[in-house]
Amino acid sequence: MTDDLYMQRCLELAAMGMGNVSPNPMVGCVIVNNGKIIGEGYHVKFGDAHAEVNAINSVCSAYGDQAAELLANATVYVSLEPCAHFGKTPPCADLLIRHQVKKVVIGNTDPFDGVNGKGIEKLKNAGIEVVTGILEQQCSRLNRRFFTRIALQRPYIILKWAETADGYFAPKNSLQQWISGALAKKLVHKWRTEEDAVLVGKQTALADNPRLSAREWEGKNPIRLLIDRKLEVSTGSHLYDNQTKTVIFNEIKTAVEGNVHFIQMEDMQHYLPQKIAFQLYLMDIASVIIEGGANILNQFISAGLWDEARVFTAAHTWNEGLAAPKIQVHVIEHLDLDKDKLTIYQNNHS
């Protein structure tokens, strides 16, 4: 088996932490001795043990007294550079040095200031052979939320909407009318479990009275974000139901009432996407899905503040209505979902 195959396994393990480790990166670790995998681990939950710790523990519990000798002749594969600093847990680089592993193979270096090459340097100084850059692009792609947050000081921003075959986003009369089908809805609920937060504007909240939860998929609910400048959305709406943390950006008050957090912002007519992106960064929100309405989506598109757009196109037409947002960028994926089509776009800066 090659380095690529073991790193691919690291990525599979890392992805199992999706939705539970933010704002930390997802990391997987595989320990190999003599061509055989003897231990595996991944970062399961924010604040808990890192991937390397879990992988070494799995070797110790499987091999007991033999573990020390096996680890001393092992190659450790890890999708992200082992940390070199004390955070919520001790440095993983120190752990690998303590167990005197022979070699460490790394996917990405960690851009975080507390690490950024320091983990690699520690390992090399301890006489451990280090190889970097294995499946680097795939490793970066998996942790695009983390890397965006570190590099751009804002969350990874996903735009999501559905449109009719003739390009309409909502009916003229502002009544709720579903465009996409049941399978698309289920997929959206899955996405919500994977991201930190989901955001809508006042119009969407008034027209749809959304719950913004992940009812049709197992996993955690995202933090709900509402842009409501003058606090016009009724406190009787689902967004005020205290089911999960809800943040309301407004121009009137800053307060905490139960699970609802009001954050006052000045002058929300200007540079709103930039203000919200920075506020979310300060709140340690590493990723957000913007689900509407058209006005909010268009503001983020105009500001160039987005990384991915996920657009459902239905088979049917309406002939009139509110036009869907338009983007002309790089398509990375097409999927058929029953009668709907899903197109995923990537912003060129990503």
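## A tour of two sheets, two pockets and a cavity

Helices α10 and α11 are roughly perpendicular to each other, because angles of 65 to 115 degrees count as such, under 35 as roughly parallel, over 145 as roughly antiparallel and the rest as oblique. This is a predicted model, in which local features need pLDDT of at least 70, side-chain atom pairs count only at pLDDT 80 or more, and totals for chains, interfaces and linings use all residues. Residues are numbered from 1 along each chain as its sequence is written, and side-chain values use heavy atoms, with hydrogens and water left out.

**Stop 1: the helix pair.** Select α10 (272-282) and α11 (294-302). They pack at about 85 degrees, with axes 8 Å apart. Axes are lines fitted to C-alpha atoms, for helices over the stretch in contact, and angles run from 0 to 180 degrees between N-to-C directions. Helices (H or I, at least four residues) and strands (E, at least two) are DSSP runs, numbered from the N terminus. Now show L272, P273 and I276 of α10, then I296, Q299 and F300 of α11: these make the contact (heavy atoms within 4.5 Å). Five of the contact residues are nonpolar, one is polar and none is charged. Ala, Val, Leu, Ile, Met, Phe, Trp, Tyr, Cys and Pro count as nonpolar, Asp, Glu, Lys and Arg as charged, and the others, Gly among them, as polar.

**Stop 2: the 10-strand sheet.** Follow the order β11-β12-β10-β9-β8-β13-β6-β14-β17-β16 in this open sheet with mixed pairing. Two strands pair if DSSP finds at least two bridges between them. At the edges are β11 (255-257) and β16 (330-337), each paired on one side only. The twist averages 20 degrees from one strand to the next. Zoom in on β8 and β9 (223-227), which run parallel and are joined by five bridges. There, V198 stands opposite R224 of β9. Add α8, which packs on the sheet and touches β6, β13, β14, β16 and β17. The direction of α8 makes about 160 degrees with that of β14.

**Stop 3: the largest pocket.** Which residues lie nearest the centre of the largest pocket? Select F169, T204, D208, E291 and G293, out of 47 lining residues. On a 1 Å grid over the protein atoms alone, a pocket is an open set of points with protein on both sides within 12 Å along at least five of seven lines, a cavity is a set where a 1.4 Å probe fits but cannot get out, and lining residues have an atom within 4 Å of a point. The volume of this pocket is about 1200 Å³. Grid points are joined across faces, edges and corners, and a volume is the space filled by probe spheres set on the points. Elements giving two or more lining residues include β6 (156-163), α8 (182-194) and α11. The lining divides into 21 nonpolar, 13 polar and 13 charged residues.

**Stop 4: the five-strand sheet.** Another open sheet, also of mixed pairing, has the order β2-β1-β3-β4-β5. Its edge strands are β2 (36-42) and β5 (129-131). Strand β1 (28-33) runs antiparallel to β2, joined by six bridges. Pick V32: its bridge partner in β2 is I37.

**Stop 5: the second largest pocket.** Show N24, P25, H50, H85 and F112, the closest to its centre among 25 lining residues. This pocket holds about 450 Å³. Helix α7 (144-152) is one of the suppliers of its lining and gives the most, three residues.

**Stop 6: the cavity.** One cavity of 30 Å³ or more turns up in the whole structure. It holds about 130 Å³. Select V21, S22, N24, M26 and R145, nearest its centre among 18 lining residues.
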